[in-house]
Amino acid sequence: MAAAATCGTGAGNKGCTAAAAAAAGKNNVTSFQRKGPRASVPDSGCARLVSIAGTRPSVRNGQLLVSTGLPALDQLLGGGLAVGTVLLIEEDKYNIYSSLLFKYFLAEGVINGHTLLVASAKEDPADILQELPAPLLDDNCKKDFDEDVCNHKTPESNIKMKIAWRYQLLPKMEPGPVSSSRFGHYYDLSKRMPQELIEASIWHGFFFPEKLSPTLNIEPCSLTHGYIKLLQFIQNVIYEEGFDGSNPQKKQKNILRIGIQNLGSPLWGDDICCTENCDNSHSLTKFLYVLRGLLRTSLSACIITMPTHLIQNKAIIARVTNLSDTVVGLESFIGSERETNPLYKDYHGLIHIRQIPRLNNLIYDVSDVKDLAFKLKRKLFTIERLHLPPDLSDTVSRSSKQIPAASSRLLGPDCGVMAGGRKHLDF
């Protein structure tokens, strides 16, 4: 290229171009080769993304992802939870399994050295951190996982049988830990996280009963007192700790994991669960709208558990869903007919992936996988595809079914009905 630039115009220009092409051929260099500084830009950008511990870029859109603490859930959400988004967990009726996902999210932050912000109106955040599950690391991970699987293996699982074609075409869920993966960890629910790990972590707690101020006058159309205090607390942590993406950080970049428990319940001073036509029907939606604005401009990710089954007004649930980026619902079998149904004996509930975010768009994605169930084992909380056993009973036969004579007469004499119309049509 340099040789061609020094040549003049006219007939001699062809000779210079040929000479430049010959020189480039000897050096194995083409005229379309990128310059060094331009080629190094994508590499440096990728290095900036993966430089934060516990994160990785999405293979779909390059968005920075963090793990939810449950690798199977990460797989269903497209690789993990995007930074700057809200994950809404619809609580089960007795709030048994949704609290486990909440603790998984916080435990993953402790292991990766992320800063935690825990907000609750029911439990003290310090007590919640003391109940985080212990991580399964390195060599103990595979050993404990295999032990837990063997303890819960049914006799039917040892029999090799051909399953239905619709299950063969589905992609397989990741059943166990992968030793080569550094993104996402597995945790032992039978043990508590070591105290030294919790003491070494950086966390901020918001316990609403301690923030109550009886002398505060609130306008009728504004947010409730609990939501105002929580938004101010989150905003101060984001700005003071340097998680604001619009300002350069003086220290090494890190992720802020925000966990809000039982949002929308009466414990937060909200009455949407008490009556259908409540006075503060827009208070929760306003809170989520402001919260998303804070998350979009910061290196933070938020998980919210909400008792949506207690909300009387279905329009509020629809607005809350639209203001959330990712929505996961848990349906427990406790207290329902499925608890005693032998078809569901191997599962404890269903999990519904209601919404997957499509960032910077007005619409959202819907998961292709619909039949998902979860199981709580001694050490692990697992998500599996719902496989119902085949019906092999001999009590139902075709000859035992009867078609009433009145309906058989409606078919007419030319439909092959047998004498008297007592038997069904045999095709």
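Author: Two strands count as paired if DSSP finds at least two bridges between them. This model is a predicted one, and in it strands E11 and E12 meet that condition, pairing in the antiparallel sense over 6 bridges.

Reader: Which residue stands opposite Glu331 in E12?

Author: Strands of a sheet pair through backbone hydrogen bonds, either parallel or antiparallel. Here the residue facing Glu331 across the pairing is Leu350 of E12. Strand E11 also pairs with strand E4 (residues 86-90), and these two run parallel, joined by 4 bridges; in that pairing Ile89 stands opposite Val328 of E11.

Reader: How many of the 7 residues of E11 are buried?

Author: E11 is mostly covered, with 6 of its residues buried. On the neighbouring topic of E12, Gln355 lies in that strand, and because its relative accessible area is 3%, Gln355 is buried as well. The side chain of Gln355 reaches the backbone oxygen of Thr321 at a distance of 3.3 Å.

Reader: What is the strand order in the open sheet of 3 strands?

Author: The order is E1-E2-E3, and the pairing is antiparallel. Strand E1 (55-57) and strand E3 (81-82) stand at the edges with a single partner strand each, so one side of each has no neighbour in the sheet. Between E1 and strand E2 (residues 64-66) there are 3 bridges in the antiparallel sense, and Arg56 is found opposite Leu65 in E2.

Reader: Let me turn to the interior. Which residues touch the most other members of the largest nonpolar core?

Author: In soluble globular proteins, nonpolar side chains tend to be buried together. The largest nonpolar core of this model has 44 residues, and those touching the most other members are Leu73, Leu106, Val328, Ile351, Ile353, Phe381 and Ile383. Helix H5 (residues 98-112) gives the most to this core, contributing 8 residues.

Reader: What is Ile351 in contact with, leaving aside its neighbours within four places in sequence?

Author: With those neighbours set aside, the contacts of Ile351 are Leu73, Val328, Gly329, Leu330, Leu372, Ala373, Phe374 and Ile383. There is also a second, separate core of 38 residues, which includes Ala119, Phe206, Ile311 and Ile316.

Reader: How many aromatic pairs does the structure hold, and how should I read one of them?

Author: A pair of aromatic rings is described by the distance of the centres and the angle of the planes. The structure holds 10 such pairs. In one of them, Phe333 and Tyr344 are 5.3 Å apart centre to centre with 65° between the planes, an edge-to-face arrangement. Both Phe333 and Tyr344 lie in the loop between strand E11 (326-332) and strand E12 (349-355), so the pair ties together parts that are 11 residues apart in sequence. Phe333 is buried, and Tyr344 is buried too.

Reader: Why is the pair of Phe374 and Phe381 stacked?

Author: Planes under 30 degrees apart count as stacked. The planes of Phe374 and Phe381 stand at 25°, with the ring centres 5.3 Å apart, so this pair is stacked. Phe374 is buried, with a relative accessible area of 0%, and Phe381 counts as buried at 3% relative accessibility.

Reader: Which residues form one aromatic cluster, and where does Arg257 lie?

Author: The cluster is formed by Phe206, Phe208, Tyr227, Phe233, Trp268 and Phe287. As for Arg257, this residue lies over the face of Phe105, at 4.7 Å from the ring centre.

Reader: I should also like to read residues in loops. Is Met193 buried or exposed?

Author: Met193, which lies in the loop between strand E7 (186-192) and helix H9 (195-200), counts as buried, at 5% relative accessibility. Leaving aside neighbours within four places in sequence, Met193 is in contact with several residues, including Ala107, Val110, Ile111, Leu132 and Tyr187. Met193 and Leu129 are 64 residues apart in sequence, while their C-alpha to C-alpha distance is 8.6 Å.

Reader: And where does Ser265 lie?

Author: Ser265 is placed in the loop between strand E9 (256-260) and helix H12 (283-296), and at 8% relative accessibility Ser265 counts as buried. A polar atom of the Ser265 side chain lies 2.8 Å from the backbone oxygen of Asn262. With neighbours within four places in sequence left aside, Ser265 is in contact with Asp270, Cys273 and Pro307.

Technical notes:
Residues are numbered from 1 along each chain as its sequence is written. This is a predicted model: local features need pLDDT of at least 70, side-chain atom pairs count only at pLDDT 80 or more; totals for chains, interfaces and linings use all residues. Side-chain values use heavy atoms; hydrogens and water are left out. Rings of Phe, Tyr and Trp (its six-membered ring) pair if their centres lie within 6.5 Å; planes under 30 degrees apart count as stacked, over 60 as edge-to-face and the rest as tilted. Buried means under 20% relative accessible area, exposed over 50%, partly exposed in between (1.4 Å probe, protein chains only). A charge sits over a ring if NZ of Lys or CZ of Arg is within 6 Å of the ring centre and within 35 degrees of the ring normal. A nonpolar core is a set of buried Ala, Val, Leu, Ile, Met, Phe, Trp, Tyr and Cys residues joined through side-chain atoms within 4.5 Å. Contact means heavy atoms within 4.5 Å. A polar contact is a pair of N or O atoms within 3.5 Å; within protein, one must be able to donate a hydrogen and the other to accept it, and residues adjacent in sequence count only if both atoms are side-chain atoms.
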